[in-house]
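This briefing looks at nonpolar packing and at backbone angles that call for a second look.

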Amino acid sequence: MYPPDQIKDGLTRDMFESFLKGGMPHNRNFNKMVEDLTLFEYTNHADPDNKVGIRQMMMDFFTDWAFVAPAILEAKALAKGGRPPYVYVFNHRVVHSRMPEWVSVVHGMDIPFVFGIPFKFISDPLLEMMVTKFSDTEKGMSLYVMKLWTDFAKYGTPNPPDSGPSPVTWPKFTEEEQEYLVLDLKPRLGRRYKADKVAFWNEIVPKVAQLTQAENKETEKQTLKDEL
């Protein structure tokens, strides 16, 4: 990813394409057709040269490709295998964030809430780069998150009997419902997180990659026959 100060005014199309081409070769499904398909999917065709829009598309692409789609793929596999997980999306932008507004919620910002950092701010270069301090309301949110995690560790569920009042009951992730908990100042439940993008990465891209690989193999075979 580009440093925030480097793209504070947005991103050009060429910069986005360069970023995409630099990251996607590490994906086993990478090929030219998948690359072109991805650029098409992450383009606002009504305003394709809008730098601010392109910057958002780059962040969406990286989030979907690197985090969202793999997490949902694994969650579905666990559910299918009879071990349904508890899935959550951390959706709270800290009040005293150092990051620009357009960065929104930073990946990994849930970790301080799990370990109670809002109650005792630690000296950590990465944390200090993202936030100056935590609010009193965020301390309450940290208590809630810590309770979920410790209840799960003790009882194997974040919703044990006689656990006391809770804003929501966190359901297991199933293949059919695909429910997840949205962690925010007001927790809520959601279903089928980013379903369109998950389908793109977990269903469409592998099929396109498989087809193009098969076509390439046939082309190579034909070339060898012609040479003989």
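Where is the place of serine 104? Serine 104 lies in the loop between β1 (88-90) and α4, where helices (H or I, at least four residues) and strands (E, at least two) are DSSP runs numbered from the N terminus. This is a predicted model, in which local features need pLDDT of at least 70 and side-chain atom pairs count only at pLDDT 80 or more, while totals for chains, interfaces and linings use all residues. Residues are numbered from 1 along each chain as its sequence is written, and side-chain values use heavy atoms, with hydrogens and water left out.

**Positive phi values**

- Most residues other than glycine have a negative phi.
- Serine 104 has a positive phi, near 65°, and it counts as partly exposed because its relative accessibility is 36% (buried means under 20% relative accessible area, exposed over 50%, partly exposed in between, with a 1.4 Å probe and protein chains only).
- Lysine 194, in the loop between β3 (188-191) and α7, also has a positive phi, near 45°, and counts as partly exposed at 28% relative accessibility.

**Nonpolar cores**

- The largest nonpolar core (a set of buried Ala, Val, Leu, Ile, Met, Phe, Trp, Tyr and Cys residues joined through side-chain atoms within 4.5 Å) has 42 residues, and those with the most contacts inside it are Phe16, Phe61, Met109, Phe134, Leu183 and Trp201.
- Among the elements that each supply at least two residues of this core are α1 (13-23), α3 (51-80), β2 (179-183) and α7 (195-227), and the largest share, six residues, comes from α3.
- A second, separate core of 10 residues includes Val68, Val89, Tyr180 and Val198.
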